[in-house]
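Me: I have a model open on my screen and would like to learn how to read it. Could you take me through its features one at a time?

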Amino acid sequence: MEVISQNIVYFIIAIAILVLLLVWAYVTRRMQKDFTTVTWVLIPVAIAINGVIGYIVGQLKLPVFLDSIGTVLVAALCGPWAGALTGALSNFVIGMLTNPTDWWPWIPVAFFIGLVAGLCANAGLFKSWWKVVVTGFLVALTAAIVSTPIAVYFFGGITSSGSSFITAYLLQTGRDIVGAVFSTNFLVEPIDKISTAMLAFAIVQGLSKRFLARFPRAENVQTEGGASRTQLFIAIGVVVLLILLAVFVVSRITGG
Amino acid sequence: MHDRLSFYYYRDSLLHRLNPLTKIALVFGLILVSFVSPYYWTSHLLVLVVIIPLIFVGRIGREYLNAALRIILPATAFLFVMQALFQPLEGEELFRLWFLHPTLESTLFAFRNAARVFAIASSFTIFLLTTHPRELMTDLTRRGMPPQIAYVIISTLQILPQMQAKAQTILAAQHSRGMDTQSTFLKRVGSLVPLVGPLVFGSLVEVEERAIAIEARGFTSSHVKTSLYDIPDTALDRALRWIFMGLAILSMALRIWLS
């Protein structure tokens, strides 16, 4: 019982910080500046991109979700609050069309993915390939942290997704439930979110400067000194190394 | 595609006539009660005395059964089996098979969790089956939600099926010119770009035009807009909302009082 009340304190602190940020952004009118007509029109398209790329990835049977590319795109082009709204509405609408149980409980996770991606872009972390990898990693960390309490308290630890087998394994090795769920998320999320961020960056690269200039945060995605191919290869190399590291960690856990 | 947005099915029933906000209150009340109630059987009881009667009141038996068999039951069954086998709860061992040894405690825990998820998933499904997205958005906008959010949701409901159809066309086209979408992992990763590229850039190009079009129709105007649809909000609706809120508060009070 003591652990639960301690977690509730963390939860309340996190919510309070979020509300303060929201009020601050609203009062200083930073938020309103980002919500232009172009932003409002981009959001539905971004949600459709989320849904359809998720569908194609499912058809290709790739081991990732990639269902937040549109969210990261909006976050980079139109700021953190637009990104957060896109994420939340994305899960709401896709759940409405396909399966509410798989999507609606994770609305807060999508909200924070958009928020953190936007904050990273504001901090200049969406301007070259290696910085985008950092953005992806930070987004993944956030997603892992936010989805842990939902998985634990809403579903009881083991959710209806395939990665639950890892959680189940970790539980068998004697970990506590929060630790097991968090470790699972932390193993699964980085690969997914780093590829998401890199694909979103690739999409931005393919758009013309004239088109990008219409969005309120166009300066966030101005590339530094040309996003060259060498950089892309270095970034892909880093990601492959990260994947190998994750595989190594998993095999160590399963082997030991 | 025009009238088949989301799960909605038109029936002439009391549940369909209720105000959308009342149904939202019902869903939230159900979630709250099933989570905070201190009794073990609450979720099971909710399925029996709330969910099943609601299906009959809403006259959506066939549609609900379809959704339940296709989506809800497989997910909850998976949840139940996994949690019964792997929840680390000490207690009386039921049986032992290789490394699996579910205990009585973990099975009971899994049964309650599965019932809770089943009740919540069912309430979501009933809500979507009986509420037209347009009604929901009109009503929420009238109650102060920014109309831009209604625009986002309604237009996404239209764009998404269109883009999905486009994605299927592109997938079929690339198949016919011999793209490999079935074999090794690296080949499937490689085929992601030619599939996603045309789709994404094609849809982003439309953004600019659409922004000009809706701006010309007064999208950002702050005047109050009149609505074509009138969503009734009767005394029954208000009474029901108070009852749901009361029940939620009662279950919270019970939880605090009994613990």
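Me: In chain A, what share of the contacts with a separation of 6 or more comes from residues 24 or more positions apart?

Reply: Keep in mind as we go that this is a predicted model. In chain A, residues 24 or more positions apart account for 70% of those contacts. For chain B, the corresponding figure is 73%.

Me: What secondary structure does each chain have?

Reply: Chain A has 12 helices and zero strands. Chain B has 10 helices, again with zero strands.

Me: How does the radius of gyration of chain A fit with what the globule rule gives for 256 residues?

Reply: Let's start with the helices: chain A reads α-α-α-α-α-α-α-α-α-α-α-α from its N terminus. Its radius of gyration is 18 Å, close to the 18 Å from the globule rule for 256 residues, so chain A is as compact as a globular protein of that length. Along the principal axes, its C-alpha trace spans about 55 × 45 × 35 Å.

Me: And what is the radius of gyration of chain B?

Reply: Chain B has 24 Å, whereas a compact globule of 259 residues would have a value near 18 Å. The C-alpha trace of chain B spans about 65 × 60 × 35 Å along its principal axes.

Me: How much of each chain is buried?

Reply: In chain A, buried residues make up 48% of the 256 residues. In chain B, 31% of the 259 residues count as buried.

Me: Which helix could I use to see burial in chain A?

Reply: Try helix α5 of chain A, residues 80–97. This helix is mostly covered, with 16 of its 18 residues buried. From first C-alpha to last, α5(A) reaches 26 Å, close to the 26 Å expected at 1.5 Å a residue.

Me: How does the end-to-end distance of helix α10 of chain B agree with its number of residues?

Reply: Helix α10 of chain B covers residues 235–258, and its 24 residues should span 34 Å at 1.5 Å a residue; the end C-alpha atoms are 34 Å apart, which agrees. The buried residues of α10(B) are B:Arg241, B:Phe244 and B:Ala248. Their cover includes α2 (20–36) of chain B.

Me: How do I describe two helices that pack together?

Reply: Two packed helices are described by the angle between their axes and the distance between the axes. Here, α2(B) packs with helix α3 (residues 42–58) of chain B at an angle of about 150 degrees, and the axes are 9 Å apart. That makes the two helices, α2(B) and α3(B), roughly antiparallel.

Me: Which residues of α2(B) and α3(B) meet?

Reply: On the α2(B) side they are B:Leu30, B:Val33 and B:Ser34, and on the α3(B) side B:Thr42, B:Ser43, B:Leu46 and B:Val50. The residues of this contact divide into four nonpolar, three polar and no charged.

Me: Where do the two chains touch, and how many residues are in contact?

Reply: 52 residues of chain B are in contact with 42 residues of chain A. On the chain B side, α4 (61–86), α5 (104–130), α7 (147–176), α8 (185–190) and α9 (192–216) each supply at least two residues. The most comes from α9(B), with 14 residues. By type, the chain B side divides into 35 nonpolar, 13 polar and four charged residues.

Me: What should I know about phi angles?

Reply: Most residues other than glycine have a negative phi. In this model, A:Leu66 has a positive phi near 50 degrees and is not a glycine. B:Arg59, also not a glycine, has a positive phi of about 55 degrees.

Me: Where are A:Leu66 and B:Arg59, and are they buried or partly exposed?

Reply: A:Leu66 is in the loop between α3 (37–59) and α4 (69–78) of chain A. A:Leu66 is buried, with 20 other C-beta atoms within 10 Å. B:Arg59 lies in the loop between α3 and α4 of chain B. With 17 other C-beta atoms within 10 Å, B:Arg59 is partly exposed.

Me: Which residues is A:Val178 in contact with, leaving aside its neighbours within four places in sequence?

Reply: They are A:Thr148 and A:Val152. A:Val178 itself lies in helix α10 (residues 177–206) of chain A. A:Val178 and A:Thr148 are 30 residues apart in sequence and 7.0 Å apart in space, C-alpha to C-alpha. A:Val178 counts as partly exposed, because it has 16 C-beta neighbours inside 10 Å.

Note on methods: Residues are numbered from 1 along each chain as its sequence is written. Chains are lettered from A and ligands numbered from 1 in the order in which they are written. This is a predicted model: local features need pLDDT of at least 70, side-chain atom pairs count only at pLDDT 80 or more; totals for chains, interfaces and linings use all residues. Helices (H or I, at least four residues) and strands (E, at least two) are DSSP runs, numbered from the N terminus. The radius of gyration is taken over C-alpha atoms; the globule rule is 2.2 Å times the number of residues to the power 0.38. A residue is buried if 20 or more other C-beta atoms lie within 10 Å of its own, exposed if 12 or fewer, and partly exposed in between; C-beta atoms are placed from the backbone. Two residues are in contact if their C-beta atoms, placed from the backbone, lie within 7 Å. The expected span of a helix is 1.5 Å times one less than its number of residues. Ala, Val, Leu, Ile, Met, Phe, Trp, Tyr, Cys and Pro count as nonpolar, Asp, Glu, Lys and Arg as charged, and the others, Gly among them, as polar. Axes are lines fitted to C-alpha atoms, for helices over the stretch in contact, and angles run from 0 to 180 degrees between N-to-C directions. Angles under 35 degrees count as roughly parallel, over 145 as roughly antiparallel, 65 to 115 as roughly perpendicular and the rest as oblique.
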